[in-house]
Amino acid sequence: MMALSKAMLNTTYTVNCVNTDYEDIREFLFTLGCYPGEKITIISKLASNYIINIKDSRYSIDEDLADAIMV
Amino acid sequence: MKIALAGNPNSGKTTLFNAITGKIEHVGNWSGVTVEKKEGDVKQSLNPRNEDLVVVDLPGAYSMSPYTSEESITRDFVQNENPDVIINIVDSTNLSRSLFFTTQLLELGIPVIIALNKSDLIDKKGNTIDVPALSDALKCPVILTSATKSSDNGMPKLIDAVITLGKSNKKQIPPNISGVKKASTKEDFEKADKKRYAFVNNVVTEVERRKVSSEKQTLQDQVDRIIAHKWLGIPIFAAIIWLVFSISQSWVGPLLADTFVGWIDMLYEGIASLLGEDVNPVVAALLLDGIIGGVGAVVGFLPLIMVLFFCLALLEDSGYMARVAIVLDRFFKKVGLSGRSIIPMIIGTGCGIPGVMATRTIKNERQRRTTAMLTPFMPCGAKLPIIALFAGVFFGDNSWVGTSMYFLGIAVIIISALIIRKITGDYSKSYFIMELPEYRLPSLKRAAISVLMRAKAFIIKAGTIILVCNAVVQILQSFNWQLQVVAENAPETSILASIASPLAVLFIPLGFGLWQFAAAAVTGFIAKENVVGTLAVCFSITNFIDVEELALVGGSTEVSTIFGISAVAGLAYLVFNLFTPPCFAAIGAMNSEMESRKWLLGAVGFQLGMGYTLAFFVYQIGTLITTGTVGSGFIGGLIAVALIAACVGYLMRKGSKGNEISAGMRSVKV
């Protein structure tokens, strides 16, 4: 298990857990389809953001969130 | 019959709303443009039998459990107001996520119709969707729509289906997902939600075939790598904004403005000859110089504003603005805001009021209030005439003036956010996540419609508030306190001059201590366009835009002589007007988003201090560079600025101390 921020680009990982004290962001990620067992891919790192693919959408997330998502 | 439009952010709800109601609500190719519900009637051509069909456009939501406040608007409406039919707009390029919300909607018992929107993209991407199978699986009608197209967009079919379904009075049968109904505890809900997703995944594998798997790199991702590059992203953004200002202010804008102002001149002369010589000179001056001259001076800049808005609308439509949020996120993060705060600011470049309202999408209270306070620092549409006027009079119409004001706005926002974070002592972090919309070719038609809407609002404003203000200014400067007509060689005896003069004293250290400028700054609080109008009236310049030569502000040396201030002072005045509090309407919007009297007062005080301080430095440093000595009233101004700085410094110290105390308390708790 490692943080998404340490993961490699263009490799599909499986989400293990979302490691944060904020319940609402975990729930929000769930509604996007980012929850344990689902697939996640880093498309690129831009500025200080990670562009990720969940389900069929691209999202931009910041480093803190990439640290919180464990794969 | 009440019809609710619900769906994920950026699935095209507002575009579809516009398509079926014929309204022109603001749309953009990114999430979170709509923050309030909007109502409209289905347009005649789609509703030939004249049924009572009210459509409600709701802000986007990913689920019924609200994460953002605009999501809770959607949930509350759907749950409490009992719409007769829900149109669930589903982005056909993103079934696997969108249908999660659909399963929740289907459980409400209200008849649901799915509008499979952006259906033109299904073929384009080489995907296939088995629509009848989808409809079977979800037990509700599915209609292919393409709301951005003007014909063959599926709207008549959609409305027909809505009417049929709404009249049938049948309850929606939810798809059978085990465990969903019995859920009561939190764990149950989580389990149920996972089952929902499992159900959706099954449906999607059955009905959809994708040619290219979505996690593969696309051309768009390559483009993003350059456009949102850590360092390249900033000069690219600067170049684009410069281009926007060049097009509107140096190339296309003046061309249109010339023609337009020609008409205003004709009107002026036409009315002047109609009035003839016999009319009372005060009345003639009120009508000609006050109303036509003052309003005309403002309206003359309309073509330029329209061109600028046209360019900005194209940018918004293309999907570029979401990339700007990525590029700027890290700067905003350093000062306690996030990329989320950038969206209100970009909207605020059009008009501060919707910009401030868009702060509602920010969940963290301090971040929301700070953003609402700083959004008005972006140069809004009403401030453009001021920028154009001063760029024309003092800097030969250079586009760098507008561009630098835009970026100065961003810089001031970042510095201010840092100060506010210190004052509040709130160092809480929040995560930033934003859906990245796909790039698309911006539609000229959509941009044109959005510009026409803004132009209409501008003309209405010019014909009401601005007209009245100019008339009042003209009257106040025509009479003295004894209600006698002011002598031609003694304009300083007028009521206006005597009211504005004490204020003007305060502006001496800023380089524009003349009553005319003070009066214009004050009328600017009613509407920023008034600054230009009042200057026109006070200096009796009927027209800033010269139709003889192809320059925005013709005879600029003449105008600058009439103004009687240096170019540096002109720049200071421009800065002062851009960074003082916005118009009253925007302050009202700040009040309702901040929900705190203390914050509102603090915000207005801060903005006043910021405008004064910036103008002081621009004028004094500029004068020092150009002439070698400091400008007028340096000592007095320095004292004032030092006082402002001392106040802010005191509050910042107090804020960080307060933070130590609360940090101490936290550690005790642990």
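So, among contacts in chain B between residues at least 6 apart in sequence, what percentage join residues at least 24 apart? It comes to 72%. Before I go on, please keep in mind that this is a predicted model.

Let me stay with chain B for a bit. You'll find 26 helices and 9 strands in there. The radius of gyration is 28 Å, and the globule rule gives 26 Å for 670 residues; those values are close, so chain B is as compact as a globular protein of that length. If you like boxes, the C-alpha atoms fill one of roughly 85 × 70 × 45 Å along the principal axes. And 51% of the 670 residues count as buried.

Now the domains. Chain B splits into domain 1, residues 2–209, and domain 2, residues 233–596. Their C-alpha centres sit 40 Å apart. Where they meet, domain 1 of chain B puts in 14 residues and domain 2 of chain B puts in 21. What's the domain 1 side made of, by class? We get 4 nonpolar, 9 polar and 1 charged residues on the side that touches domain 2.

Next, the core. The largest nonpolar core has 212 residues. The ones with the most contacts inside it are L5(B), I113(B), A115(B), A572(B), V575(B) and A615(B). Helix 11 of chain B, residues 302–318, supplies the largest share, 13 residues. Where does this core lie relative to the two domains? Domain 1 and domain 2 of chain B both give residues to it, so it lies between them. As a general point, nonpolar side chains in soluble globular proteins tend to be buried together.

Let me zoom in on one residue from that list, A615(B). Not counting residues up to four places away in sequence, A615(B) touches L510(B), A572(B), V575(B) and F576(B). Two of the others, I113(B) and A115(B), take us to strand 5 of chain B. That strand covers residues 112–117, and 6 of its 6 residues are buried. Look at the two faces: V112(B), I114(B) and L116(B) are on one side, I113(B), A115(B) and N117(B) are on the other, and all are buried. In general, side chains in a regular strand alternate between the two faces of the sheet. Strand 5 of chain B also has a parallel partner, strand 4 of chain B (residues 85–91), joined to it by 6 bridges. In that pairing, D91(B) has N117(B) as its bridge partner.

One more residue in chain B before we switch: W30(B). You'll find W30(B) in the loop between helix 1 (13–21) and strand 2 (38–41) of chain B. Buried or exposed? W30(B) has 22 C-beta neighbours inside 10 Å, so it counts as buried; the cut-off for that is 20 or more. Who does W30(B) contact, leaving aside neighbours within four places in sequence? The answer is N10(B), G319(B), M321(B), A322(B) and P437(B). And here's a nice example of a long sequence separation: W30(B) and S318(B) are 288 residues apart in sequence, yet 9.2 Å apart in space, C-alpha to C-alpha.

Okay, chain A. This one has 2 helices and 6 strands, and along the sequence the pattern reads β-β-α-β-β-β-α-β. For 71 residues, a compact globule would have a radius of gyration near 11 Å, and chain A has 11 Å, so the two agree. The box for its C-alpha atoms is roughly 25 × 25 × 20 Å along the principal axes. Of the 71 residues in chain A, 48% count as buried. As for contacts with a separation of 6 or more in chain A, residues 24 or more positions apart account for 49%.

Last topic: how the two chains meet. The contact takes 33 residues from chain B and 29 residues from chain A. On the chain B side, the elements giving two or more residues are helix 3 (95–106), helix 7 (186–207), helix 8 (219–227), helix 12 (320–334) and strand 9 (433–435). Helix 12 of chain B has the largest share, with 5 residues. By class, that side has 12 nonpolar, 9 polar and 12 charged residues.

And strands pair across the chains too. Strand 5 of chain A, residues 57–62, and strand 9 of chain B pair in the antiparallel sense over 3 bridges. If you want a spot to look at, S60(A) stands opposite M434(B) in strand 9 of chain B.

Definitions and conventions
Residues numbered from 1 in each chain as written. Chains lettered and ligands numbered in written order. Predicted model: local features only at pLDDT ≥ 70, side-chain atom pairs only at ≥ 80, totals over all residues. Contact = placed C-beta atoms within 7 Å. Helix = DSSP H or I, 4+ residues; strand = E, 2+ residues; numbered from the N terminus. Nonpolar A, V, L, I, M, F, W, Y, C, P; charged D, E, K, R; others polar. Pairing = 2+ DSSP bridges. Core = buried A, V, L, I, M, F, W, Y, C linked by C-beta atoms within 7 Å. Buried ≥ 20, exposed ≤ 12 C-beta atoms within 10 Å, placed from the backbone. Domains from an automatic or database assignment. Rg over C-alpha atoms; globule rule 2.2 N^0.38 Å.
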